[in-house]
Amino acid sequence: MIQLRDLQAGYPGRPVLEGVTLSFPPGQVLALLGPNGCGKSTLLRTVLGLLPKTGGEVLLDGAPLSQYTPKQIAQRAAYLPQSRPVPDITAQRLVLHGRFPHLSYPRRCRPEDHEAVRRALRRAGAEELAHRPLAQLSGGQRQKVYLAMALAQDTETILMDEPTAYLDVSCQLEVLALARRLAGEGRAVVLVLHDLCLALQYAHRLALLDGGRVAQEGPPEELFRGGRLESVMGVRLGRVETEGGWRYYYR
């Protein structure tokens, strides 16, 4: 499990996160919310050691992150970043990169690695894209392929920065339903989302960031009723009860 204790991080001359304390427990979907520039992406990068912290602690399975090598971190936490390159390879080849943390040098893929790739493509709804070059795919199709690469990594924690970007509405719902299924398998799933209504509907917990700090954290019901979510995000929210549970909307 990943835990943050009084985390501070940022860039030279520009602090971004200040005193962030959070945990990513297995079996839950945590949605990170907040206005642009509040530190959501910075938080994910710092958690993985891609950006050095300036204070506080990041604990991975109870030990400081600094005690792990990059490969060991990648064996425990997968990351779907917000922006990604488009290499000149097929979708299947890209997804195979998700298996690299589990391979010794030289990287020789085993039958179980190829099976993990097929399974990941299927779960991400990208199976039919396997043999197509990335450059020929739409933004939404590439998003599915990169999601499959994160799934192929087969980690206890999955961190996704705006995983619904470029996707149409039905595909957004598929991705969020998949996040719930992954949590149901005992994984910790952390999502940066901008659609508050989807976050309220699909996440087990929400963490609202404002000015580099956690303004409020808790179950969706608590944040919906508290009013802080609306004031920080500058919106008004409503909801209706349906047979499938609460459905949220912007008023």
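**Figure 1. The second largest pocket of this predicted model has a volume of about 170 Å³.** Of the 15 residues that line this second largest pocket, G37, C38, G39, K40 and S41 are the closest to its centre. Strand 2 (14-24) and helix 1 each supply at least two residues of the lining, and helix 1, with three residues, gives the most to the lining of the second largest pocket. When the residues of this lining are divided by class, four are nonpolar, seven are polar and four are charged.

**Figure 2. The largest pocket holds about 530 Å³ of space.** The lining of the largest pocket is made by 24 residues, and those that lie nearest its centre are L50, A74, Y79, P101 and Q153. Helix 2 (70-76), strand 6 and helix 5 are the elements that give two or more residues to this lining, and helix 2 gives the most, with four residues. By class, the lining of the largest pocket has 16 nonpolar, five polar and three charged residues.

**Figure 3. Six strands form an open sheet with mixed pairing, in the order 6-7-8-3-9-10.** The edges of this sheet are strand 6 (77-80) and strand 10 (213-218), each of which pairs on one side only. From one strand to the next, the twist averages 15°. Within the sheet, strand 3 (residues 28-33) and strand 8 (residues 188-192) run parallel and are joined by five bridges; in one of the pairs that the view can show, L32 has V192 of strand 8 as its bridge partner. Helix 1 (residues 40-47) packs on the sheet, where it touches strand 3, strand 6, strand 7 (157-161), strand 8 and strand 9 (205-210), and the direction of helix 1 makes about 145° with that of strand 7.

**Figure 4. A second view of sheet pairing shows four strands in an open sheet, in the order 2-1-4-5 and with antiparallel pairing.** Strand 2 and strand 5 (63-64) are the edge strands of this sheet, each pairing on one side only. As background to both sheet views, strands of a sheet pair through backbone hydrogen bonds, and they do so either parallel or antiparallel. Here strand 1 (residues 2-11) and strand 2 run antiparallel, with seven bridges joining them, and the bridge partner of I2 in strand 2 is F24. Helix 1 lies across strand 1, strand 2 and strand 4 (53-60), and runs at about 115° to strand 1. Helix 1 can therefore be followed from this view back to the six-stranded sheet of the previous figure, since helix 1 packs on that sheet as well.

**Figure 5. One cavity of 30 Å³ or more is counted in the model.** About 30 Å³ of space lies in the largest cavity. Its lining consists of I2, V47, L48, L60, L65, I73 and A77, and by class these residues divide into seven nonpolar, no polar and no charged. I2, one of the lining residues, is also the bridge partner of F24 in strand 2.

**Figure 6. Helix 5 (residues 139-152) and helix 6 (residues 169-184) pack at an angle of about 5°, with their axes 13 Å apart.** Because angles under 35 degrees count as roughly parallel, helix 5 is described as roughly parallel to helix 6. On the side of helix 5 the contact is made by K144, L147 and L151, and on the side of helix 6 by C171, E174, V175, L178 and L182. The contact of helix 5 with helix 6 has, by class, six nonpolar, no polar and two charged residues.

**Figure 7. E162 has its place in the loop between strand 7 and helix 6.** Leaving aside its neighbours within four places in sequence, E162 is in contact with Q82, Q143, V192 and H194. Among these partners, Q143 is 19 residues apart from E162 along the chain, and the C-alpha atoms of the two residues are separated by 9.9 Å. Another partner of E162, V192, is the residue of strand 8 that serves as the bridge partner of L32.

Technical notes:
Residues numbered from 1 in each chain as written. Predicted model: local features only at pLDDT ≥ 70, side-chain atom pairs only at ≥ 80, totals over all residues. Heavy atoms only, no water. Pairing = 2+ DSSP bridges. Axes fitted to C-alpha atoms, helices over the stretch in contact; angles between N-to-C directions. Contact = heavy atoms within 4.5 Å. 1 Å grid on protein atoms, 1.4 Å probe; cavity = no way out; pocket = protein on both sides within 12 Å on 5 of 7 lines; lining within 4 Å. Points joined across faces, edges and corners; volume = space filled by probe spheres on them. Nonpolar A, V, L, I, M, F, W, Y, C, P; charged D, E, K, R; others polar. Parallel < 35°, antiparallel > 145°, perpendicular 65-115°, else oblique.
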